[in-house]
Amino acid sequence: MVISVDVDVNKIARFGRDFFWQKPSACPHCGAALWWHGFVLAYFDHLPQAVFLRRLRCPRCGAVHRLRPKAYWSRFRSTIQIINQTIDRFLSQGWQSELPGSRQLQWWRRFCAKARLMIGFGWEHFLDAFDLLVGWGQIPVSSVV
Ligand SMILES: [Zn+2]
């Protein structure tokens, strides 16, 4: 499970494995105290190299958790804000030049599919759909429902 934490990805990149991570108080599944369980590499848009994110393991239920900066959704290297802006601007301004077009198209297609599937809105309400999906705990540009 991914646990979102309020950390600056630039500081994680600067300090590497020496970055001070605040350990979550308990396992989200069973409430037991967690143990550190190494690192996992992750890539973020503005950083040329991967950064080390902390992992934890629950000794009671065996679940492995990963800490991730809360500005990012799991499995996305762009910030939530950038994704939101890209979807928001797509209808009026088209692609943003600073991001790969293939990635923007993938987000747009997934967003449209998820909005149609879960909400059934028409095109004029897609931007409301983004916030609605986020409010439901969904990642609007993920293929996972
Ligand atoms: Zn547990």
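# A guided tour from one salt bridge to the next

Begin by selecting Asp-6 and Lys-70, whose side chains meet in a salt bridge with an N to O distance of 4.0 Å. This pair links distant parts of the chain, for Asp-6 sits in the loop between β1 (2-5) and α1 (9-15), while Lys-70 sits in the loop between β4 (64-69) and α2, 64 residues apart. If you show the surface here, you will find Asp-6 exposed, with a relative accessible area of 65%. Keep in mind throughout the tour that this is a predicted model.

## The whole chain

Now step back and display the protein chain as a cartoon, where the secondary structure comes to 4 helices and 4 strands. Followed from the N terminus on, the elements run β-α-β-β-β-α-α-α. The C-alpha atoms, taken along the principal axes, fill a box of roughly 50 × 35 × 20 Å, and buried residues make up 37% of the 145 residues in the chain.

Colour residues 2-69 and 80-135 separately, since the domain assignment gives these ranges as domain 1 and domain 2 respectively. The C-alpha centres of domain 1 and domain 2 lie 28 Å apart.

## A network around Asp-45

How many salt bridges does the structure hold? There are 3 of them, and the pair that opened the tour, Asp-6 and Lys-70, is one of these salt bridges. As general background, side chains of opposite charge can pair when their charged atoms come close.

Select Asp-45 and Arg-77 next, and look for the salt bridge in which their side chains meet, at 3.7 Å from N to O. Asp-45 lies in the loop between β2 (35-42) and β3 (51-57), and Arg-77 lies in the loop between β4 and α2, so this pair ties together parts that are 32 residues apart in sequence. Asp-45 is partly exposed, with a relative accessible area of 31%, and Arg-77 also counts as partly exposed, at 35% relative accessibility.

Add Arg-103 to the selection, because Asp-45 forms a salt bridge with Arg-103 as well, the closest N and O atoms being 2.7 Å apart. Here again distant parts of the chain are linked, with Asp-45 in the loop between β2 and β3 and Arg-103 in helix α3 (residues 101-118), 58 residues apart. Is Arg-103 buried or exposed? At 18% relative accessibility, Arg-103 counts as buried, because the cut-off for a buried residue is under 20%. With the three side chains shown together, you can see that Asp-45, Arg-77 and Arg-103 are linked in a network of salt bridges.

## Along helix α3

Starting from Arg-103, extend the selection to the whole of α3, which has 18 residues and reaches 25 Å from its first C-alpha to its last, close to the 26 Å expected at 1.5 Å a residue. The buried residues of α3 are Arg-103, Gln-104, Trp-107, Trp-108, Phe-111, Cys-112, Lys-114 and Ala-115. While looking at their spacing, it helps to recall that an α-helix has 3.6 residues a turn, so residues three or four places apart point the same way. Past the helix, select Gly-120, which follows α3 and has a positive phi, near 80°.

## The largest pocket

Which residues line the largest pocket? Select Arg-75, Phe-76, Arg-77, Ser-78, Arg-103, Gln-106, Trp-107, Arg-110, Ser-142, Ser-143 and Val-144. This lining divides into 3 nonpolar, 4 polar and 4 charged residues, and about 170 Å³ of space lies in the pocket.

Two of the lining residues deserve a separate look. Arg-75 is found in the loop between β4 and α2, where its phi is near 75°, a positive value in a residue other than glycine; Arg-75 is also exposed, with a relative accessible area of 61%. Val-144 has its place in the segment after α4 (126-135) and is partly exposed, with a relative accessible area of 47%. Draw a distance between the C-alpha atoms of Val-144 and Arg-110, and you will find these atoms separated by 9.2 Å, although the residues are 34 apart along the chain.

## Last stop: helix α2

Finish by selecting residues 80-93, the 14 residues of helix α2, which should span 20 Å at 1.5 Å a residue and whose end C-alpha atoms, at 19 Å apart, agree with that. Show the side chains of Ile-83, Thr-86, Ile-87 and Phe-90, which are the buried residues of α2. The helix is followed by Gly-94, whose phi is positive, near 80°.

Terms used
Residues numbered from 1 in each chain as written. Predicted model: local features only at pLDDT ≥ 70, side-chain atom pairs only at ≥ 80, totals over all residues. Heavy atoms only, no water. Helix = DSSP H or I, 4+ residues; strand = E, 2+ residues; numbered from the N terminus. Expected span 1.5 Å × (residues − 1). Buried < 20%, exposed > 50% of the residue type's maximum accessible area, 1.4 Å probe, protein only. Domains from an automatic or database assignment. 1 Å grid on protein atoms, 1.4 Å probe; cavity = no way out; pocket = protein on both sides within 12 Å on 5 of 7 lines; lining within 4 Å. Points joined across faces, edges and corners; volume = space filled by probe spheres on them. Nonpolar A, V, L, I, M, F, W, Y, C, P; charged D, E, K, R; others polar.
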